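This report introduces a structure to a reader who meets it for the first time. Please keep the sequence and the three-dimensional view at hand while reading.

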Amino acid sequence: MFDYHVHTSFSADSKMPMKVACETAIKNGVKEIAFTEHMDYFYPNCDLTFEFDYQEYASQVELMRSEFSKNLTILKAVEMGLHPSTFERSNHFISENHFDFVIGSAHIVDDLDLHNGDYFEGKSLERSLEIYFKTVNQYVKEYENFDVLGHLTLIKRYLHFVKSDWKTIKWENYFDIVEDTFKVLVQTNRGIEVNMSGYRYRIDCSLPNLPFVKLYREAGGEIITVGTDAHTKHFVGNQIDEGYELLKAAGFKYVTTYRERKPSFMAI
Ligand SMILES: [Zn+2]
Ligand SMILES: [Zn+2]
C-alpha cells in the first residue's frame with residue numbers, strides 16, 4: 001500500500017511530527033509514504049504561510065529514512081499550490097531542490113480561496129463550477145513541472161458555503177473541459193491523483209470520484225496515484241484500499257509510484 005499524499009509539521013496546517021506519520025504508516029500496512037508538504041507562494045487572506053524550508057525538510061526525511069528503512073520507503077515530495085503569478089518561482093523551487101514526486105494543486109481559483117468560501121461570493125453555482133474547471137485546465141496548460149494533478153473536484157469539499165450537495169450537480173456538464181485537461185496531462189506524461197480526503201469531509205467520495213477516473217482512463221490516462229491527504233495520524237494510510245478498488249472499477253490494474261520523478265506501475 002502506498003500513501004502518496006501526507007502532510008506533517010512542515011506544512012502550516014499540520015502539527016503531525018514526521019516520525020509519528022512514519023510509525024502510523026508502518027502500523028497501518030503502508031509500504032511507501034510521500035511527504036507532500038504544502039508550498040503555496042500565493043495564498044490571499046490567510047494567516048498561515050504555506051511554505052517550508054527545503055534543507056530542514058530534507059534532513060528530517062534522511063533521519064526518518066535511517067530510522068525506518070527496513071519497513072518504509074519515504075519519498076521527498078511537495079504539494080505545489082498552482083497560481084499563474086508564482087509559476088516561475090514554483091518551477092525554480094522544484095528544479096533547485098530534489099524531489100521524488102510533485103503534486104500540483106489548485107487551492108486558489110479566480111484569485112480567491114476555495115477553502116474559506118470567498119470564491120463563491122457573487123457567482124452562481126454553475127458559474128463557480130465552470131470557472132473552477134476552466135482555471136484548473138488553464139493551470140495544467142501553463143505550468144508543467146508537476147507529476148500528478150492534486151484532488152481534482154476539490155470544490156466539492158466546500159459546497160456547503162452555497163448550501164449545495166455535490167450529489168445534485170450534473171458533473172457531466174463539465175466533462176468536455178475536464179477531458180481536455182486530462183488529454184493535456186496524458187500528452188505531457190503527467191497524471192492525476194485519487195485523493196481520499198472527501199471521506200473525512202463528510203462528502204463520502206474521493207476527489208475525483210469514479211466517473212471522472214473513468215473519463216481519465218478513456219482519455220488515455222495511465223499515471224494515477226492514491227493518497228489520503230492526511231494532516232493527522234488518524235488518517236495516514238486510511239482508505240487507500242478503497243482507492244485501489246475505485247481504480248480497478250475504472251479499469252486500472254496498477255497504481256503509479258515514483259522515484260526521482262520517474263513513474264513505475266505496481267499491480268493492485
Ligand atoms: Zn491540497
Ligand atoms: Zn494536501
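The sections below treat a metal site, a set of strands and a helix in turn.

## The zinc site

The model is predicted. In it, four residues coordinate the zinc ion (ligand 2): His5 and His7, each through NE2, Glu79 through OE and Asp229 through OD. The coordination distances are 2.1 to 2.2 Å. The angles subtended by the four donor atoms span 82 to 171°, and the arrangement is therefore irregular; a tetrahedral one would need all angles between 85 and 135 degrees.

Along the sequence, the donor residues follow the spacing H-x1-H-x71-E-x149-D. Glu79 also serves as a bridge between the zinc ion (ligand 2) and the zinc ion (ligand 1), and these ions are 3.5 Å apart. The pair His7 and Glu79 links distant parts of the chain, being 72 residues apart. His7 belongs to the loop between strand E1 (2-6) and helix H1 (18-27), whereas Glu79 is part of strand E3 (residues 73-81). Both His7 and Glu79 are buried.

## Strand E8 and its neighbours

Strand E8 covers residues 191-195, and five of its five residues are buried, so the strand is largely enclosed by the rest of the structure. Strand E8 pairs in the parallel sense with strand E7 (residues 148-149) over two bridges. One pair of bridge partners consists of Val148 and Gly191, the latter in E8. Together with helix H5 (residues 175-187), strands E7 and E8 form a right-handed β-α-β unit.

Strand E8 is also joined to strand E9 (residues 224-227), by four bridges, and these two strands run parallel. Val194 has Val226 in E9 as its bridge partner. Between E8 and E9 the chain passes through helix H6 (residues 210-218), and this β-α-β crossover is right-handed.

## The buried side of helix H1

Which residues of H1 are buried? Met18, Ala21, Cys22, Thr24 and Ala25 are buried in this helix. These residues lie on the same side of H1, because they cover an arc of only 170° around the axis. In general, an α-helix has 3.6 residues a turn, so residues three or four places apart point the same way.

Among the elements that cover the buried residues of H1 are strand E2 (32-39), helix H2 (54-68) and strand E3. Strand E3 also holds Glu79, a residue that bridges the two zinc ions. After H1 comes Gly29, which has a positive phi near 85°.

Technical notes: Residues numbered from 1 in each chain as written. Chains lettered and ligands numbered in written order. Predicted model: local features only at pLDDT ≥ 70, side-chain atom pairs only at ≥ 80, totals over all residues. Heavy atoms only, no water. Donors = N, O, S within 2.8 Å, 3.2 Å for Na, K, Ca; no water. Tetrahedral: all angles 85-135°; square planar, octahedral: opposite > 155°, others 65-115°. Buried < 20%, exposed > 50% of the residue type's maximum accessible area, 1.4 Å probe, protein only. Pairing = 2+ DSSP bridges. Right-handed = clockwise from strand over helix to strand, strands pointing away. Arc of directions from axis to C-beta. Contact = heavy atoms within 4.5 Å.
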